[in-house]
Amino acid sequence: MGISATAGAKSLSHTLSMALTMTILTNLTQYTYHKAQLRRGSLWHRQGPTLLLALATPLLLADLARHCLQDSGVWPAPGSSMYRDDCDEVAGLAGLRCLTAVGWIFSILFTYSGFILMLVSVVWAANIHDKIRSAWALAQEA
C-alpha cells in the first residue's frame, strides 16, 4: 500500500527542495563570511570556514541538480540514472550495489564530502572544538 507521486509532483518537490537547500546554504555561507570579520589571525584562520562552506555548497546541491535536470529532460535517463536498470532491490544498504557511476559520484561522493566539509566549517566557525576543550577542562577540575 504505497503512495505514488506523479512526475509533476516529483519535479515540483525536487525543485522546491533544491531552492530551499540553496537558500539555506548560501545564507549560511554569507553569515559565516560576515562573522569571520570578527576573527583574528591569518586569512586562512579567518576565512577558512567560509571557504570550506562555499566549497560544500555546490557539492551538496549536485544531486538535487541532477534530479532537477533529469525531471526537466535536460539530462535524460539512462545517463543520469542513479540506479542500474537490472537491479530490483534499491532500498537500504542493499541499494548501494545497484548504484551506477553517476549514483556513486553524485549521491555518495559529492553529498557525503559536502556534508563533511559543512560539518568541519560549522564546528570551526562556531569554535565548538574550543568550547568542548574548555568544558572538558572544567569537568576534569570538578
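Is Q47 buried or exposed? In this predicted model, Q47 is found in helix α2. The relative accessible area of Q47 is 11%, so the residue counts as buried. Beyond its neighbours within four places in sequence, Q47 is in contact with Y33, A36 and Q37. One of these partners, A36, is itself among the buried residues of α1.

The overall architecture is helical. Four helices and zero strands make up the secondary structure of the protein. Along the sequence the pattern reads α-α-α-α. The C-alpha atoms fill a box of roughly 60 × 35 × 30 Å along the principal axes. The radius of gyration is 20 Å, whereas a compact globule of 142 residues would have a value near 14 Å. Buried residues account for 30% of the 142 residues. Among contacts with a separation of 6 or more, 55% join residues 24 or more positions apart.

The surface and the charges were also examined. The protein exposes about 9600 Å². Carbon and sulfur atoms supply 69% of that area. There are 10 positive and 8 negative charges, and their mean positions lie 16 Å apart.

Helix α1 covers residues 7-36. Its 30 residues reach 43 Å from the first C-alpha to the last, close to the 44 Å expected at 1.5 Å a residue. The buried residues of α1 are H14, M18, L25, T29, T32 and A36. These buried residues pack against α2 and α3. T15, also in α1, follows H14 in the numbering but has a relative accessibility of 40%, and therefore counts as partly exposed. Between the C-alpha atoms of T15 and N127 the distance is 34 Å, with 112 residues separating the two in sequence.

Helix α2 spans residues 43-72. Besides Q47, this helix holds H45. The relative accessibility of H45 is 35%, so H45 counts as partly exposed, whereas Q47 is buried. Leaving aside neighbours within four places in sequence, H45 is in contact with R39, R40 and W124. W124 is one of the buried residues of α3. A125 also lies by this site: the C-alpha atoms of H45 and A125 are separated by 9.5 Å, although their positions lie 80 residues apart along the chain.

The loop between α2 and α3 contains P78. The peptide bond from A77 to P78 is cis. Its omega is near 5°.

Helix α3 runs over residues 101-125. At 1.5 Å a residue, its 25 residues should span 36 Å; the end C-alpha atoms are 34 Å apart, which agrees. Buried positions in α3 are V102, G103, F106, S107, T111, G114, L117, M118, S121 and W124. An α-helix has 3.6 residues a turn, so residues three or four places apart point the same way. The cover over the buried residues of α3 includes α1, α2 and α4. Helix α4 comprises residues 128-141.

G103 illustrates the burial within α3. Its relative accessible area is 0%, so G103 is buried. Outside the neighbours within four places in sequence, G103 is in contact with S81, M82 and I108. R84 and G103 are 19 residues apart in sequence, and their C-alpha atoms are 9.0 Å apart in space.

The chain then passes into the loop between α3 and α4, where N127 is placed. N127 comes just after α3. Its phi is near 55°, a positive value in a residue other than glycine. The relative accessibility of N127 is 27%, so this residue counts as partly exposed.

Technical notes: Residues numbered from 1 in each chain as written. Predicted model: local features only at pLDDT ≥ 70, side-chain atom pairs only at ≥ 80, totals over all residues. Heavy atoms only, no water. Helix = DSSP H or I, 4+ residues; strand = E, 2+ residues; numbered from the N terminus. Expected span 1.5 Å × (residues − 1). Buried < 20%, exposed > 50% of the residue type's maximum accessible area, 1.4 Å probe, protein only. Contact = heavy atoms within 4.5 Å. Rg over C-alpha atoms; globule rule 2.2 N^0.38 Å. Areas by Shrake-Rupley, 256 points an atom, 1.4 Å probe, with all protein chains shown as cover. Lys, Arg positive; Asp, Glu negative; His and termini not counted. Charge placed at Lys NZ, Arg CZ, Asp CG, Glu CD.
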